[in-house]
Amino acid sequence: ACEAFNETYRPQFHFTPARGWMNDPNGLVYVKEQDGTGWYHLFYQYNTLGEKSPGNIGWGHAKSQDLVHWDRLPQALFPGEKFYIFSGSAVQIEGTDTVCLLYTGMNDVTKIQNQNLAFSPDGGEKFLEFTKNPVIDLKKTEFRDPKIFSYKTEDGRSYYVMAVVLPDVFTVQFYKSTDFIAWELLSEFTMDTKAIWECPDLFEMSVGPNKKWVLTFSLQSKEVSKTVYYVGDFDGTKFTLDPSFSTQPVPIDHGSDFYAAVTYENEPQQRRIMIGWLGNWEYSTTSPTDPWRCSQSIPRMLELKNIDNQYKLYSTPIPELTKLRKTSWTFSGKPVISAGSPTVVSFPKDIDTRHCEIELELQIPISSRPPDKVGIQVLRNEAGEENTLIYYDIKTKNVVVDRSKSGNVKFSDRFLSVVSEQNVPLREIIKFHIFVDASSVEVFVNDGEAVLSSILFPNQKSTTMSVICDGQAATFTIVKKFVVHPLTSI
Ligand code: FRU
C-alpha cells in the first residue's frame, strides 16, 4: 500500500504522488500476468523536479489489485533534456506479459508533438523505448494524447485502434495498426466546440439490449475545463454521432476539477471505469499544497442509459471503495428540518469528517409547498463561517457546489467559487453521495444522474456539518438517511 502522509491538504484515500507535480492519468490498463495475478496499472503525468511547475514531464507509475489500495512504483518513463513525455495509454498484448505504451513526445525546442511507442516485456516492471520512434509524426505542434484499444471485428479478427486529437482544430483522428508501429489513418471526427480537445477515449457500452459507442475527451478554454462525451456508433473505421445526441458535447462531471479523465482497458469484470485528474490548468499549478500537487479522482463506474430517447452517462463510485469504511455514524436528531433552521451536527472525535463518505437522503414535499434549496455544508468549522456548500436548488433544478467560503480561495483569482449542474429532475427524494478527502469533494446525486467534483483548501478545523433547508416560512425537508463513513487511508 501507499506510504501515508499527513500534511493538512493531503488526500488520504485518493492517489497522490509522495512529492512532485501530477496531472493526467495515463495508461489505465488491467494487466493479467501469465502466472494469473492481475494488476490495475495507473500511470500519470509526473514532474519529479518540483511541485511548482508542470514542465519536465514523464510518466509516474502505481498499481493496485482492487483500484483502492495503490503501490507507488518507480517512475516508468523519463523525459529527456528538452523532450517531454505527454499523455497516452497502454494495452496488454493478449496471451503475453507485454504491455505497450503509446505516448505523445513533445519536443521543447521544435514544439512538435508526435506519437511514440514504449513497452514493458514483463507486465509493467521495466520499460523500454522503441528505438525507431516516433510511430506517427505529422510535424504538428498540436497533436497528442493517443488512447488505444483492441477492436474486434464481426468476423473475429482484431486490430488496435488509436484515438488521438488535433486539439486546436477540434478533431479526433482514428488510426489502425496490428503491430503498434505502422499506423493507418482511418477517419476523423470534428465538431466546432470553440475550446481545445485533449485526452480522447472511445469505448462501446451496453444500453439495455443495444450497444452504443461513447467518445470522450477533455474540453479546455479560459471558460471551460471539463471531461465531456458524445454518444454514437463506431464501425471499426468511423465514429458517427447519434442523431438524437447534442452537437455540443456533454460534461461527464460538472464540477470544476475533473479533467483529462480516461477509462481502463481490459477491465476484468467488463466494467467501464474512469479516473480523472482532480485539477484545472487555470489554477492547480499554484494550488497551496506542498511537497506534492494534485490527486487523481476516485475511480467511477460509467453506465449509459437511454431515458425518454436521450442518452446519458451515469457515474457512480466503484463499490470496492466501501472497503475503506470503518465505524460509521448515523444521524439520530430530529428528522424534520424547517426552512431557515439548519441542523448543525457536531461529530464525536473518532468520526473524521475531513476524510469521509456521506450518504444523505432528503425528502422534499413536492406536492405541497417545497422549500427553495436543500443540501449540506461539509468541511465546516465550529462557527460555520468556513464551509463548502452542496445543495439542490428546487426552483432552478440545479445541483450546486459553492466553495466561496471553503477556506483558502485567494491563491488564484481563477479559482471560481460556484459550479452547478443544470436540469437535474426534481424528485421526492434527493440522494447525495459525497466523498470528502481533505482538499476535494466528489458529489454524486441520485445514483449518478448528476456529478460534480471540485478541489478546495480549508483553513479551519472541520468539526461540523450542517443540513440546510432554505425557503419560505413553514417549508421543510425530512432527513431520510444521513450516514457518515470515515474512510481509512490507503
Ligand atoms: C491535459 C494535457 C494533455 C497533455 C498533458 C501534458 O491536461 O494538457 O493534453 O498531453 O496534459 O502534461
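Which residues are around the ligand?

## Ligand surroundings

In this predicted model, the ligand is surrounded by Asn23, Asp24, Gln45, Phe86, Ser87, Arg144, Asp145, Glu198, Tyr259 and Trp281. Three of these residues place a polar side-chain atom beside an oxygen atom of the ligand: for Gln45 the distance is 2.7 Å, for Trp281 it is 2.8 Å, and for Glu198 it is 2.9 Å.

Asp145, one of the residues around the ligand, also has an unusual backbone entry. Its phi is near 70°, a positive value in a residue other than glycine. Asp145 belongs to strand E10, which covers residues 144-152.

## Domain arrangement

The domain assignment divides the protein into domain 1, residues 20-318, and domain 2, residues 325-486. Taken over C-alpha atoms, the centres of domain 1 and domain 2 are 32 Å apart. Domain 1 contributes 25 residues to the contact and domain 2 contributes 23 residues.

## The interface between the domains

About 2,000 Å² is buried between domain 1 and domain 2, and carbon and sulfur atoms give 60% of this area. On the side of domain 1, His254, Tyr283 and Pro288 supply 25% of the area buried against domain 2, more than any other three residues.

Polar and charged pairs also cross the interface. There are 17 residue pairs in polar contact between the two domains, counting residues at pLDDT 80 or more, and the number of salt bridges between domain 1 and domain 2 is four. A salt bridge links Glu421 with Lys312, with 3.8 Å between the closest N and O atoms. Strand E24, residues 310-317, gives six residues to the side of domain 1 that touches domain 2, the most of any element. That side of domain 1 consists of nine nonpolar, 10 polar and six charged residues.

## Backbone exceptions

Most residues other than glycine have a negative phi, and most peptide bonds are trans. Two cis peptide bonds may be set beside this background. One joins Asn133 and Pro134, with omega about 0°; Pro134 lies in the loop between strand E8 (128-129) and strand E9 (136-140). Another runs from Asp290 to Pro291, with omega near 10°; Pro291 is located in the loop between strand E20 (273-278) and strand E21 (292-293).

Asn56 has a positive phi, near 55°, although it is a residue other than glycine. Asn56 is placed in the loop between strand E2 (38-47) and strand E3 (58-64), whereas Asp145, with its positive phi, is found in strand E10.

Notes. Residues are numbered from 1 along each chain as its sequence is written. Side-chain values use heavy atoms; hydrogens and water are left out. Domain bounds come from an automatic or database domain assignment. Contact means heavy atoms within 4.5 Å. Buried area is the accessible area (1.4 Å probe) that two parts lose on being put together, summed over both. A salt bridge is a side-chain nitrogen of Lys or Arg within 4 Å of a carboxyl oxygen of Asp or Glu. A polar contact is a pair of N or O atoms within 3.5 Å; within protein, one must be able to donate a hydrogen and the other to accept it, and residues adjacent in sequence count only if both atoms are side-chain atoms. Helices (H or I, at least four residues) and strands (E, at least two) are DSSP runs, numbered from the N terminus. Ala, Val, Leu, Ile, Met, Phe, Trp, Tyr, Cys and Pro count as nonpolar, Asp, Glu, Lys and Arg as charged, and the others, Gly among them, as polar. A residue is near a molecule or strand if one of its heavy atoms lies within 4 Å of it.
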